[in-house]
Amino acid sequence: MSGEEYLPLVKITPDEKSHITLKNANHCKTCRLRACLYVCPSAVFFWDELAEKLDIFWRRCVECAACEPACPQNIEYENPRGGYGVSYHL
């Protein structure tokens, strides 16, 4: 199977509330690395230059949890509530 054929096997059911939170949004303004932008395979994190803030598109999170170790001082990751998040259909 090619990579595209696997995509229909993954379903994301987003909750109404984010399971990824920032402890301090202002911390991101002074962060030089912004590692969260590079470690996430789903591009959940986006730096908005005009607003000078981090946007979190948590609805497309694939639950790898790489974001929290990339920024343990500011990102809190929890698994989504039961019935929400990623499910794989084989």
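## Cysteines without a bond

In this predicted model, the sulfur of Cys 36 has its closest cysteine sulfur in Cys 28, at 6.2 Å, which is too far for a bond. Cys 36 is itself buried, its relative accessible area being 8%. A comparable account can be given for Cys 40, whose sulfur lies 5.7 Å from the closest cysteine sulfur, that of Cys 64, and this too is too far for a bond. Cys 40 also counts as buried, with a relative accessibility of 17%.

How many disulfides does the count come to? Because a disulfide requires two cysteine sulfur atoms within 2.5 Å, neither the 6.2 Å between Cys 36 and Cys 28 nor the 5.7 Å between Cys 40 and Cys 64 qualifies, and the count for the structure comes to zero.

## The largest cavity

Rolling a probe the size of a water molecule over the atoms shows where empty space is left. The structure holds two cavities of 30 Å³ or more, and the largest of them has a volume of about 60 Å³. Cys 40 and Cys 64, the pair described above, are both among the residues that line this largest cavity, as are Cys 61 and Cys 67. The lining also includes Ile 20, Ser 42, Val 44, Phe 45, Val 62, Ala 65 and Ala 66. Taken by character, the lining of the largest cavity is made up of ten nonpolar residues and one polar residue, with no charged residue.

## The second largest cavity

The second largest cavity contains about 50 Å³ of space. Its lining includes Ile 12, Thr 13, Pro 14, Asp 15 and His 19, together with Trp 58, Arg 59, Cys 61, Pro 80, Tyr 84 and Gly 85. Cys 61 therefore appears in the lining of both cavities, since a residue is counted as lining wherever it has an atom within 4 Å of a cavity point. The residues around the second largest cavity divide into six nonpolar, three polar and two charged.

## Two positive phi angles

Most residues other than glycine have a negative phi. Arg 34 is a residue other than glycine with a positive phi, near 50°, and it is found in the loop between helix H2, residues 27–30, and helix H3, residues 36–39.

Glu 52 likewise is not a glycine and has a positive phi of about 50°. Where does Glu 52 lie? Glu 52 is in the loop between strand E3, residues 45–48, and strand E4, residues 53–56, and with a relative accessible area of 45% it is partly exposed.

Methods:
Residues are numbered from 1 along each chain as its sequence is written. This is a predicted model: local features need pLDDT of at least 70, side-chain atom pairs count only at pLDDT 80 or more; totals for chains, interfaces and linings use all residues. Side-chain values use heavy atoms; hydrogens and water are left out. On a 1 Å grid over the protein atoms alone, a cavity is a set of points where a 1.4 Å probe fits but cannot get out, and a pocket is an open set with protein on both sides within 12 Å along at least five of seven lines; lining residues have an atom within 4 Å of a point. Grid points are joined across faces, edges and corners, and a volume is the space filled by probe spheres set on the points. Ala, Val, Leu, Ile, Met, Phe, Trp, Tyr, Cys and Pro count as nonpolar, Asp, Glu, Lys and Arg as charged, and the others, Gly among them, as polar. Helices (H or I, at least four residues) and strands (E, at least two) are DSSP runs, numbered from the N terminus. Buried means under 20% relative accessible area, exposed over 50%, partly exposed in between (1.4 Å probe, protein chains only).
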